[in-house]
Structure formats: structure tokens, C-alpha cells
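Hi there,

Here is the structure I promised to pass on to you. Have a look through it first, and then read my notes below.

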Amino acid sequence: MREDMTQAASFHRAERISRLEISEIVQISEQAAALQAEGRDVVSLSTGEPDFPTPPHVIEAAHRAALAGQTRYTATIGTPALRAAIAAGAGAAVADVIVSTGAKQVIANAMLATLDPGDEVVMPAPFWTSYADIVSMAGGRPVVVPCGMEAGFRLSPSALEEAITPRTRWLMLNSPSNPTGAIYSAAELRALADVLDRHPGVWVLTDEIYAELNFQPFTRFTDAAPGLRDRTLTVNGVSKAWSMTGWRIGWGIGPVALVKAMAAVQGQVTSGACSIAQAAALAALTGDQAGLATRREELRARRDRVVAALRAVPGFDCPSPDGAFYVFPRITGAMAATGHATDADLCRWLLLDHGVALVPGRAFGLSGHLRLSFAYSDADLAKGLSRIASAVEAR
């Protein structure tokens with residue numbers, strides 16, 4: 001025991017991760033799972049993981065790859081076949097593509113490869129919770145620009161202009177957005193590009209992981225602003241649209257110099273993505289795409305049911321998302337009515353007292369909201385929405 005205590009006392013936590021913790025989304029998900037393990041009836045609507053199965057032809061391709069001996073290291077930046085398929089789908093050169101162990105690693109590679117201590121990254125809030133932590137881990141400083149419901153959860157050109165300083169290195173955009181589902185129109189993207197034209201030292205990371213899950217027209221940033229292609233990193237992957245979260249395949253498309261720098265980071269962290277998962281991702285991109293439309297329409301129907309149900313809850317103001325599979329209602333009225341000072345307090349109450357796991361808006365940089373994922377079965381959604389309504393109305 002004394003030896004264990006001595007070892008624990010000598011542990012040193014590096015300064016660069018001194019403020020990092022497991023994301024609040026994961027913490028809530030794990031708390032919900034722990035309650036379920038205790039026998040509690042808990043409905044989790046907190047995670048961004050589609051309930052649809054991975055397409056059968058993708059699983060079959062992985063099986064064939066394993067049997068064929070594709071079980072060894074691949075090139076650090078990905079297999080030639082997968083990189084070619086990604087490039088073809090985006091109208092890019094193969095040399096511009098890097099494959100990583102999930103889209104999150106693409107983002108981390110880019111920040112570690114380009115940020116010096118104190119460099120700034122502009123991120124419109126609400127934003128996916130990992131953005132700020134990845135930037136901080138890389139030594140950068142997140143510059144958070146609030147973009148509330150009145151702004152449609154979108155960054156305006158004037159707000160972007162005001163946020164840029166001589167230390168700004170990146171703008172992070174996410175369309176369709178996690179957690180709001182907001183999509184930037186082509187005109188809105190061009191207006192942001194006009195600002196960036198005046199600041200040639202600022203690069204753009206455009207996270208398009210939900211691009212295929214759109215309920216209205218979607219425009220790639222590089223299509224709206226082709227003049228900025230030489231300083232844009234486009235991030236995507238198979239996790240969401242193809243229901244392949246556990247396969248851990250994402251990719252980045254950007255200038256060759258950036259891709260090489262990211263590969264240098266990746267080579268010292270993972271050496272490259274799983275060979276079998278890359279074969280599966282290739283099948284997802286090049287195989288039958290009919291399932292995408294089917295899943296998109298199912299999510300659209302779920303969205304409409306969820307939005308209608310939440311708009312009927314007193315104190316919930318719920319916009320209808322343009323894409324992805326989240327709603328991000330403003331809940332300040334419900335907080336006041338139920339006697340909760342913060343969105344986190346209300347979400348904790350809903351979890352512990354009413355058995356519904358949700359994520360508070362503070363996790364995404366914009367308090368007074370919560371995120372509900374509708375990437376769940378109709379039965380779970382109906383049960384969770386009923387519990388939310390009953391809880392709030394009873395107070």
C-alpha cells in the first residue's frame with residue numbers, strides 16, 4: 001500500500017493537458033451506462049452514434065480483406081485505393097488526402113502540425129466539444145465567438161473580422177453542425193471567404209463529417225470558395241453517414257505541404273489507420289449508396305417528430321436542424337420554471353430523477369441549451385421525450 005501511495009504522489013500531469021478531461025458528452029454517456037448497470041431505467045439520448053447497422057457489403061469487404069491477408073501496416077497516409085476514392089469524390093488530387101484513425105485524429109494532426117504556443121483558432125460557438133481541447137493540447141488558444149439562435153447558430157462575416165488578430169492561424173467551421181444541425185449556405189460561405197481573403201495567414205478547417213446527412217442543400221466550403229482551396233483542410237469520414245463509428249476511419253483533404261506535416265505527426269502516434277477498416281471504408285465509398293438516402297429520410301422523419309414534441313414542452317424553444325441528427329433547443333424558460341440555475345443542473349435532474357441522458361449546452365460553448373441526439377430508435381425517442389415533457393410539466 002505504501003509503495004502505491006508513493007507512486008501516486010510522484011505522478012506529474014503535463015501542463016499541456018492540465019485542463020483536459022474526458023469530454024462531458026462521454027462522461028454523461030458513461031454515467032447513464034453505470035446507472036443502467038445498477039438496474040435503473042435510463043434512456044440515453046446523449047451520444048452522436050447512429051443506431052443503423054453498418055451496411056452488409058461494407059462488413060463483407062472487411063472480411064474479404066482479412067482473408068486476403070490485408071492485415072499488415074499500410075502507408076502512413078492511407079492505402080492508395082482509399083485515398084484515390086476519397087480524392088475522386090471531392091475532386092481533389094490523391095496527394096492532397098490523408099487517412100487517419102477517425103476524423104478526430106485528422107483535426108489533432110492538423111493542430112499539432114501547425115500551432116505554436118499562443119497561436120489562435122477562431123471557433124463559432126456552439127462547437128463540437130473536442131475542438132477547444134484539441135487546440136489547447138496543441139498549445140493554441142481557442143477564440144470562441146458566440147453564435148446564438150438569433151444568428152441561426154452561424155458565424156457572421158463581421159463577427160469573424162472582429163475575432164481575427166495577428167496570432168490567428170485557423171478558422172474552424174462545422175457544417176452541418178454538431179450540436180445544432182445548422183448548414184451554411186453557399187452565399188454565407190462566400191461572405192466568410194471574403195473576410196478571409198483580407199487575412200492570408202488564416203487557414204480554414206471545414207469539418208464536413210455530417211455532409212451526407214443533410215435535409216436541405218449542402219455546399220462544400222471549397223466549392224463556395226475555390227480561391228481558398230490552397231489554405232483549406234476539409235475533414236470527413238465514414239463514422240456518421242455509413243454508421244461506422246467503431247471502424248475509426250476519417251480523412252483530411254488539403255494542400256500537400258499540410259498533408260505531409262500531418263503525416264509526420266501521425267507517423268509518431270498511430271503509424272496509420274487500421275488496414276481492415278480502410279478496406280471497409282473503400283467499400284462504403286465505392287459500393288451501393290442507396291442506403292444513404294434511406295437513412296437520411298428516416299432521420300428527417302425523426303427530426304420532425306422530435307422538434308414537434310420539444311416545441312410542446314413548456315420553456316423549450318427548439319429550432320429545426322438543417323442536417324446531422326441533433327436538436328439544440330434553448331431551455332432557459334424550462335430552467336426558470338423548474339428552479340435550475342444552469343443547463344447542466346437541468347440535465348443532471350433529468351438524468352438522475354427522470355432517467356433521460358442529455359448533454360448541456362455548456363459542453364459546446366453555449367449555455368442555456370441542451371443537445372438531444374435523434375440517432376436513436378423511435379421507441380427510445382418516444383420514451384425519452386415523454387419523460388422530458390412529464391418532468392417539466394409536473395414542476
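**Helix H2 and its surroundings**

The buried residues of helix H2 are Glu24, Ile25, Ile28, Ala32 and Leu35. They lie on the same side of H2, because the arc they cover around the axis is only 110 degrees. Please keep in mind as you read that this is a predicted model.

What do the buried residues of H2 pack against? Their contacts are with strand S1 (43-44), helix H14 (343-354), and three further strands: S10 (356-357), S11 (359-360) and S12 (370-373).

You can also check the length of H2 for yourself. The helix runs over residues 24-37, which makes 14 residues, and at 1.5 Å a residue it should span 20 Å. The C-alpha atoms at its ends are 20 Å apart, so the two values agree. After H2 comes Gly39, which has a positive phi near 100 degrees.

**The seven-stranded sheet**

Now turn to the sheet. In which order do its seven strands lie? The order is S2-S8-S7-S6-S5-S3-S4, in an open sheet with mixed pairing. At the edges are strand S2 (97-100) and strand S4 (141-146), each of which pairs on one side only. From one strand to the next, the twist averages 20 degrees.

A good place to start is strand S5, residues 168-174. Is S5 mostly covered or mostly open? It is mostly covered, with six of its seven residues buried.

Here is how S5 and the strands around it are joined:

- S5 and strand S3 (residues 120-125) run parallel and are joined by three bridges. Here Glu120 stands opposite Thr168 of S5.
- S5 and strand S6 (residues 203-207) also run parallel, with five bridges between them. Leu173 has Thr206 in S6 as its bridge partner.
- S6 and strand S7 (residues 232-237) are parallel too, joined by four bridges. Thr206 turns up again here, with Thr234 in S7 as its bridge partner.

If you follow those last two pairs on screen, you can step from Leu173 to Thr206 and then from Thr206 to Thr234. While you are there, a general point may help: side chains in a regular strand alternate between the two faces of the sheet.

Finally, look at how the chain gets from S5 to S6. Together with helix H8 (residues 186-197), these two strands make a right-handed β-α-β unit.

Enjoy exploring, and write back with any questions!

Best wishes

Methods: Residues are numbered from 1 along each chain as its sequence is written. This is a predicted model: local features need pLDDT of at least 70, side-chain atom pairs count only at pLDDT 80 or more; totals for chains, interfaces and linings use all residues. Side-chain values use heavy atoms; hydrogens and water are left out. Buried means under 20% relative accessible area, exposed over 50%, partly exposed in between (1.4 Å probe, protein chains only). Two strands pair if DSSP finds at least two bridges between them. A crossover is right-handed if, with the strands pointing away from the viewer, the path from the first strand over the helix to the second runs clockwise. The expected span of a helix is 1.5 Å times one less than its number of residues. The arc is that of the directions from the helix axis to the C-beta atoms. Contact means heavy atoms within 4.5 Å. Axes are lines fitted to C-alpha atoms, for helices over the stretch in contact, and angles run from 0 to 180 degrees between N-to-C directions.
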